[in-house]
Amino acid sequence: MIPEHWNPQTPPLEVIQWALEHYPDLIITSAFNLNGVVLLELAAQAGYTGEVVFVDTGYHFPETLETRDRLSARYTQMRFVTLSAGLPPDPWGQERFRSDPDGCCNARKVAPLRAYLSQKNPSALLNARSRDQASTRQGLDFLEPGQRLRINPLAYWHRAQLEAFAQKHQLFVNPLYWSGFLSIGCWPCTRAVRPGEEARAGRWSGRGKTECGLWQGEQAL
Ligand code: SF4
């Protein structure tokens, strides 16, 4: 399915242009980290005017919500959609993100997005994951089968390339990023990374969990 001439040096913009041509109903999902900001700019350059879907778990940093708002003000040709499970913070009264982080992610993040996608039924998802975010993502390629096709234009870009691109295009990056939060999720489950750690080392640190479940596992999209 991958065009024969594609290789790790294929520009992400070319991948996005191909994706829009072959899957015009695709949807972007984003948490607006560095990768996501770069993806949106590239998608804008490719002429994307579809939806950008974000799941508000109720536990996001204020800086993340500010980033979302700044991006929606910049890319007015796209429709920013914020989903929510509608759950109040910690309705179980026992900090479920500590006792059952998989269940918390399923309830607050995976379930709302799965429900939305079941209703919209796009043929593909465009997302911003890259290999160098984590050792568990080393096998990521431009195209990835799932419940529906996932297209990963940034699969082979490194952090330095992403930062250079963001600076060149004067993109607003979540301020926490520059304080060592190289991957940013919910505040109870994210810390800044230490020198030498991979980008996602600060997610669910010390809890034996590396993914929220959107992209891996039984409930994956
Ligand atoms: Fe809950 Fe943490 Fe998952 Fe956010 S990242 S949904 S707080 S377990």
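Six strands, E3-E2-E1-E4-E6-E5 in that order, form an open sheet with mixed pairing in this predicted model, where helices (H or I, at least four residues) and strands (E, at least two) are DSSP runs numbered from the N terminus, and two strands pair if DSSP finds at least two bridges between them. Strand E3 (79-84) and strand E5 (143-144) stand at the edges with a single partner strand each, so one side of each is left without a neighbour in the sheet. Helix H5 (residues 101-120) packs on the sheet and touches strand E1 (27-29), E2, E3 and strand E4 (124-126), contact meaning heavy atoms within 4.5 Å. The direction of H5 makes about 150° with that of E2; axes are lines fitted to C-alpha atoms, for helices over the stretch in contact, and angles run from 0 to 180 degrees between N-to-C directions.

Strand E2 (residues 51-56) pairs with E3 in the parallel sense over 6 bridges, and Glu-51 stands opposite Arg-79 in E3.

Residues are numbered from 1 along each chain as its sequence is written. Because the model is predicted, local features need pLDDT of at least 70 and side-chain atom pairs count only at pLDDT 80 or more, while totals for chains, interfaces and linings use all residues, and side-chain values use heavy atoms, with hydrogens and water left out.

The residues around the ligand, each with a heavy atom within 4 Å of it, are Tyr-59, Phe-97, Pro-101, Cys-104, Cys-105, Arg-108, Cys-186, Cys-189 and Trp-204. The largest share of this shell, 4 residues, comes from H5. By class, the shell has 8 nonpolar, no polar and 1 charged residues, where Ala, Val, Leu, Ile, Met, Phe, Trp, Tyr, Cys and Pro count as nonpolar, Asp, Glu, Lys and Arg as charged, and the others, Gly among them, as polar.

Two residues other than glycine have a positive phi.

| Residue | Phi | Place |
|---|---|---|
| Asn-121 | near 50° | loop between H5 and E4 |
| Trp-204 | about 50° | segment after helix H6 (159-168) |
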